[in-house]
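I opened this model to follow one residue outward to its surroundings. My notes are below, in the order I looked things up.

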Amino acid sequence: MADSREKERKEGDQELKGAGGGEDVIDDAILEQGAVVLRGYVIERINTQDPGRQVRSEDLGGRPNEQQDPQIKEVVEQLLKIADDMNRNAELQLLINQVQGNCARDIFMKVARSIFADGINWGRVVALFHLAYRLIYKALTTNHLENIRMVISWVLEVIREKLYSWLVQQGGWEGVISGFSRWRTVAIVASVVLVATIVYYRKTR
């Protein structure tokens, strides 16, 4: 088991190369912005769920002030609005809460790939982010900080493998801003999809 965890850390290091000061460097605009948006999403969810816990981008491998970019703020805000609709699903929350914080990479990737198995939309992207947020939050609260960057690297791997071309077609991460009228429909569909994938996770762990 220890060898398996070490292998996952090495795979994570291949995705995110640590720079001086603990920052993670990604030399691709869509992946880099995806990492920044994910960190912003996680920080805002934690601010809502656990206001007493102070988390900065640097704690998640980011740069100081990266969340001050107005465009990043707007993208994160739109994703959070989709997530708010998903969070009203009590069954969904019960199932998400049962995901283990030390989830293995292969299980995470199976669940993540199943989210996008029959299509991609912003609700499904939020479902991926929300799953990552739950794992990162558990890593923070159980003091397994080494898992944070590993989970982020897994998300970036999914983005590269499953979402990259779609994101390009949407005009990048800013594409979510124009999807206002579809939020509620997308969120409902994503809730159903994520319930199914978490059930799948529970059966395969």
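**Starting residue.** This is a predicted model. I began with Leu-140: buried or exposed? Leu-140 has a relative accessible area of 13%. That is under the 20% cut-off, so I logged Leu-140 as buried. I placed Leu-140 in helix α6.

**Its contacts.** Next I listed what Leu-140 touches, leaving out residues up to four places away in sequence. I found Ile-46, Arg-53, Val-55, Leu-145 and Ile-148. I also checked Leu-60, which is 80 residues from Leu-140 along the chain. Their C-alpha atoms are separated by 9.8 Å.

**The helix pair.** How do α6 and α7 pack? I noted α6 as residues 122-141 and α7 as residues 146-169. Their axes lie 9 Å apart, at an angle of about 170°. I therefore entered α6 as roughly antiparallel to α7.

I then went through the contact itself. On the α6 side I found Leu-140 again, along with residues including Trp-122, Val-125, Leu-128 and Phe-129. On the α7 side, Ile-148, Val-155 and Trp-166 are among the residues met. I sorted the contact residues by class: 17 nonpolar, 1 polar and no charged.

**The core.** Which residues touch the most other members of the largest nonpolar core? I got Leu-79, Phe-108, Trp-122, Phe-129 and Trp-173, out of 55 residues in that core. The helices α2 (29-49), α3 (70-87), α5 (105-115), α6 and α7 each supply at least two residues of this core. I recorded α6 as giving the most, with 14 residues.

I picked Phe-129 for a closer look. Not counting residues up to four places away in sequence, Phe-129 touches Gly-34, Val-37, Leu-38, Tyr-41, Leu-79, Val-155 and Trp-173.

**The annotation.** I looked up the UniProt record, an unreviewed entry. Its "transmembrane region" annotation covers residues 115-136 and 183-201. I checked residues 115-136 against the model. The span is 73% helix and 0% strand. Its end C-alpha atoms lie 19 Å apart.

**The whole chain.** Last, I stepped back to the full protein. I counted 8 helices and 2 strands. From the N terminus on, the elements run α-β-β-α-α-α-α-α-α-α. Of the 205 residues, 52% are buried. I also tallied contacts between residues at least 6 apart in sequence. In that set, 80% join residues at least 24 apart.

Terms used:
Residues numbered from 1 in each chain as written. Predicted model: local features only at pLDDT ≥ 70, side-chain atom pairs only at ≥ 80, totals over all residues. Heavy atoms only, no water. UniProt positions renumbered as here; feature names shortened; annotations may be inferred. Helix = DSSP H or I, 4+ residues; strand = E, 2+ residues; numbered from the N terminus. Axes fitted to C-alpha atoms, helices over the stretch in contact; angles between N-to-C directions. Parallel < 35°, antiparallel > 145°, perpendicular 65-115°, else oblique. Contact = heavy atoms within 4.5 Å. Nonpolar A, V, L, I, M, F, W, Y, C, P; charged D, E, K, R; others polar. Core = buried A, V, L, I, M, F, W, Y, C linked by side-chain atoms within 4.5 Å. Buried < 20%, exposed > 50% of the residue type's maximum accessible area, 1.4 Å probe, protein only.
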